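Me: I have a structure to go through with you, and I would like the reasoning behind each label. Shall we take it step by step?

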Amino acid sequence: MIISADRLTKQFRTLRRKEGPLGAIATLFSRDYEIKDAVRDVSFKLDAGELVGYIGPNGAGKSTTIKMLTGILVPTSGTCTVDGIVPWADRQANGRQIGVVFGQRTQLYWDLPLIESFQLLRAIYNVPAATYERNLREFTELLGLDEFIRTPVRQLSLGQRMRGDFAAAMMHEPKVVFLDEPTIGLDVVAKENIRQFIARVNRDRGTTFILTTHDLADIEKLCARIILIDHGRKLYDGSVETIKGRYGRNRTLTADLNCENCDDVRITVPGANVVSREGPRIVIEFDRDAVRADELVVKLAQHYELRDVTIAEPPLEAIIRDIYQHGLGDGSVAARDGLLVTADVETVS
Amino acid sequence: MFTHIGSIALRVYLYYALWSALYANNGPQQSFSFKDIITYSVLALLVGLIYNVDGPYVVREKIREGNIAIDLMRPISVPLYVFADTVGQAGFALVQIAVALPIAIGLLALTGTHISAPASPLIALAFLVSVALGFLVNFFLDLLMATITFWTMEIFGFQLMVQFITSLLAGAVVPLQFFPSPVTAIAQASPFAAIYNAPLSIYLGKYQGPELLSTLALQAVWVVVFAVGALALWRVGERRVVVQGG
């Protein structure tokens, strides 16, 4: 076990500002504070070498948790350890064993060429020359840093800068790396490049990663486990497969029919709904546990000639979106929101 | 850098014009001859180049914008890091001075004015030590103010006020000896005098023997006071940091 968080809680006191131009002046004289729980009783444990997705909607408390684990924020109550060190109690010792990439900030030196940022970090972390050279070579190759390593950071594109930030965060071979929305604003190619890099470092070096992101494709491609928080509380901690199995029971069947008069098509299977039809294409949604896919296909095939059939499980994104909106409650509501509402539902019995 | 040096030349000329007009009408002030006051002004300008580097001001912005998180996640002492950065910038200021000084001397020579050299090697040495102490007082004062940003998030107005008080009470513009004597006494006892007035007065030989030593000792006391204050406040501030912007 490399990270342990035990009932971590962080409260923020924020000034309730009065509105309008006069309000700004009134605020100077009468102060009215409100206490907000950014993180509330969050506990989890991570084993070395895990790659965990830490997800939740905006303002859920993800970044706050990360800042407590990196020693930047002191929790209001509860505690955590990173490889045996309490981060805020011994911030510098913790700093030596962690790496951080903030998608919204950069740790590179704005006016210096990328390579000089690396040299500075090498001095800050006391990285042995041989280790530094080896890592620099490897990261340059993996992230394709060659073409811009001598360019001042302020002239880099976002994608280039992020690649530089990743190399910078790994140069001292940290045991744990925190990634706070590392793919935000990147194009598909850059995202893919970064994902491959994370997977590679995780596999080859056994580095532990905690990844917060709003791009659930990051999670699907990288993480076996997710921790889901909302309003500062932990909602789910477990495998991606389990959450899909439990909350993503709905399937969509898309069929292209060979029909002359497509508007007259009627399908009657209890538990299955036609959610959209457009010409010969019909989309049917059904609950995996209530309706057997083969029965549905057979029924269709009895009446119509099928040119093409696909059955898809909902993307993780649809499941998570549903949990954000409706809570964990009953799994059967999952994916309703994205798929069912738009259609002129047709149930014939 | 070149515009910087240009502006120094301009300000040297401005001081020359100002003091020559004042001295022409009123004669020498206190114990300052015309040569003394010109020397004082030019040195104040040059020493100011070393003092007024960005250093702790950057911390203020980092706290305001939340980028302090980047420094705090590293295995470093942030005040020490800022100090190293400030010393580095001061080193660059020395290069600027090396270029600006001959220009200032040459410019003044055209008007027939000359700058005094230090009276003895010992005075020169005492001056350098005093500038170093003044640099430290100034640094820790700046750090102290920047640290307050942890609580207030906004400090610019306050900093500006302290800056004006500093330049007045420190003797960055006018030697403290020019004030009415009670004001002079207060100003010289204030920590601000340790920044400009002490080293410049030492250079001009205004302090001798025990007085010189006690001036240096007082500077050292202010260094310790502000260092302890700034670092203690930093420790508390670091604990209550609120990182801005997610």
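Me: Happy to start with the interface: how much area do chain A and chain B bury between them?

Reply: Good place to begin, with the note that this is a predicted model. Chain A and chain B bury about 1,900 Å² between them, and 56% of it is on carbon and sulfur atoms. Three residues, Ile72(A), Arg91(A) and Arg105(A), supply 36% of the area that chain A buries against chain B, more than any other three residues.

Me: How many residues does each chain bring to the contact?

Reply: Chain A gives 23 residues and chain B gives 22 residues.

Me: What makes the pair Glu238(B) and Arg91(A) a salt bridge?

Reply: The cut-off is a side-chain nitrogen of Lys or Arg within 4 Å of a carboxyl oxygen of Asp or Glu. The side chains of Glu238(B) and Arg91(A) meet at 3.0 Å, N to O, so the pair satisfies the within 4 Å rule. The count between chain A and chain B is 1 salt bridge. For polar contacts, the count between the two chains is 9 residue pairs, both residues at pLDDT 80 or more.

Me: Which elements of chain A supply at least two residues each to the side that touches chain B?

Reply: They are helix H2 (62-69), helix H3 (91-97), strand S5 (98-102) and helix H4 (114-124). H3(A) gives the most, with 4 residues. The residues on that side of chain A divide into 13 nonpolar, 6 polar and 4 charged.

Me: How do you know that the span of helix H6 of chain A agrees with what is expected?

Reply: Helix H6 (residues 158-170) has 13 residues, and at 1.5 Å a residue it should span 18 Å. The end C-alpha atoms of H6 are 18 Å apart, so the two values agree.

Me: Why is H6(A) called mostly covered?

Reply: Buried means under 20% relative accessible area, and 12 of the 13 residues of H6(A) are buried. Among them are Arg161(A), Asp165(A) and Phe166(A). What covers the buried residues of H6(A) includes S5, H4, helix H5 (129-143), strand S6 (176-180), helix H7 (188-205) and strand S7 (208-212) of chain A.

Me: One last residue: why does Leu28(A) get its accessibility label, and what is that label?

Reply: Exposed means over 50%. Leu28(A) has 57% relative accessibility, so Leu28(A) counts as exposed. Leu28(A) is found in helix H1 (residues 20-29) of chain A. The C-alpha atoms of Leu28(A) and Lys18(A), 10 residues apart along the chain, are separated by 9.7 Å.

Note on methods: Residues are numbered from 1 along each chain as its sequence is written. Chains are lettered from A and ligands numbered from 1 in the order in which they are written. This is a predicted model: local features need pLDDT of at least 70, side-chain atom pairs count only at pLDDT 80 or more; totals for chains, interfaces and linings use all residues. Side-chain values use heavy atoms; hydrogens and water are left out. Contact means heavy atoms within 4.5 Å. Buried area is the accessible area (1.4 Å probe) that two parts lose on being put together, summed over both. A polar contact is a pair of N or O atoms within 3.5 Å; within protein, one must be able to donate a hydrogen and the other to accept it, and residues adjacent in sequence count only if both atoms are side-chain atoms. Ala, Val, Leu, Ile, Met, Phe, Trp, Tyr, Cys and Pro count as nonpolar, Asp, Glu, Lys and Arg as charged, and the others, Gly among them, as polar. The expected span of a helix is 1.5 Å times one less than its number of residues. Buried means under 20% relative accessible area, exposed over 50%, partly exposed in between (1.4 Å probe, protein chains only).
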